[in-house]
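Here are a few short exercises to work through with the structure open beside you. Try each task before reading its solution.

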Amino acid sequence: MESLVEARLDLRLLESTTSFDDYTETGEMASYVKILHSSAYSLEVSASLRLQIKLIFTFDNLVTLSFESEKDKSWQVLPRLLRKTPKLQNLVIKGLLHRVTGRCGDVCPCYHRPKRKGVMIDWRKEKMSCLPYLPLKVLEISGYGGTCREIEQMRFFLGSLQYLELVKIGVQPESDCNKLRSNLMRFPRLSSKCNIQFI
């Protein structure tokens with residue numbers, strides 16, 4: 001397993017699953033893998049399991065993380081995962097839309113307002129994002145359509161990632177690329193080295 005460089009993760013939680021022992025090997029590969037591709041289902045399963053990436057494991061050598069995002073799947077486990085990747089330089093996200101939960105706001109501007117003893121809480125004020133501390137240099141987004149949520153997500157990334165050097169954006173075919181480009185170029189960037197490239 002020490003020679004493992006690249007891994008694809010597509011975990012599915014079956015209704016009959018009563019033990020999480022079957023997922024232990026997945027965690028063991030964490031310290032070796034350099035490139036990890038994850039499905040949206042894997043993020044959900046990881047959040048459901050108590051493989052909850054409070055992780056007993058650290059992705060010590062992970063340089064590139066690629067994952068799929070879907071409207072009905074959350075990013076709940078993503079903050080914990082990112083905190084366990086001290087060498088992460090490339091983040092590839094296939095689609096920015098995801099299910100809003102109270103725990104994904106660490107890496108996104110989602111607004112989820114759960115009640116605490118009958119009082120609405122603004123979770124954004126209570127969270128400290130892990131993004132400014134990531135050594136991330138390249139962010140690649142595909143399937144960008146310029147919806148309000150996607151625009152807010154991009155503003156959040158650009159304003160939070162201090163080591164970012166390049167943002168590559170793949171636009172949906174039916175989108176107006178010039179309009180999207182002018183919108184994104186206006187956003188403030190935490191990194192003075194950050195360039196935006198449409199692909």
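This is a predicted model, and the exercises begin with its cysteines.

**Exercise 1. Classify Cys194 and Cys148 as buried or exposed.**

Step 1. Cys194 has a relative accessible area of 4%. The cut-off for buried is under 20%, so Cys194 is buried.

Step 2. Cys148 has a relative accessibility of 66%. Exposed means over 50%, so Cys148 counts as exposed.

Step 3. Now look for disulfides: the structure holds zero of them.

**Exercise 2. Work out what span helix α4 should have, and compare it with the distance between its end C-alpha atoms.**

Step 1. Helix α4 covers residues 148-160, which makes 13 residues.

Step 2. The expected span is 1.5 Å times one less than the number of residues. For α4 this gives 18 Å.

Step 3. In the model, the end C-alpha atoms of α4 are 18 Å apart, so the two values agree.

**Exercise 3. Find which residues of α4 are buried, and which elements they pack against.**

Step 1. Go along the helix and pick out the buried residues: Glu150, Ile151, Gln153, Met154, Phe157, Leu158 and Ser160.

Step 2. Look at what these buried residues pack against. Among the partners are the strands β4 (90-94), β7 (138-144), β8 (166-171) and β9 (195-198). Helix α5 (177-185) is another partner.

**Exercise 4. Locate the salt bridge of the structure and describe the setting of its two residues.**

Step 1. There is one salt bridge to find. It joins Arg155 to Glu152, with the closest N and O atoms 3.4 Å apart. The cut-off is 4 Å, and this pair lies within it.

Step 2. Both residues sit in helix α4, three residues apart, so about one helical turn separates them.

Step 3. Check accessibility. Arg155 is at 36% and therefore counts as partly exposed. Glu152 is also partly exposed, with a relative accessibility of 36%.

**Exercise 5. Step back and describe the whole protein chain: its elements, its contacts and its surface.**

Step 1. Count the elements: five helices and nine strands. Read from the N terminus, their order is β-α-β-α-β-α-β-β-β-β-α-β-α-β.

Step 2. Turn to burial. The chain has 199 residues, and 46% of them count as buried.

Step 3. Consider contacts with a separation of 6 or more. Of these, 78% involve residues 24 or more positions apart.

Step 4. Finish with the surface. Its accessible area is about 10800 Å², and carbon and sulfur atoms account for 51% of that.

Key:
Residues numbered from 1 in each chain as written. Predicted model: local features only at pLDDT ≥ 70, side-chain atom pairs only at ≥ 80, totals over all residues. Heavy atoms only, no water. Helix = DSSP H or I, 4+ residues; strand = E, 2+ residues; numbered from the N terminus. Buried < 20%, exposed > 50% of the residue type's maximum accessible area, 1.4 Å probe, protein only. Contact = heavy atoms within 4.5 Å. Salt bridge = Lys/Arg side-chain N within 4 Å of Asp/Glu carboxyl O. Disulfide = S-S within 2.5 Å. Areas by Shrake-Rupley, 256 points an atom, 1.4 Å probe, with all protein chains shown as cover.
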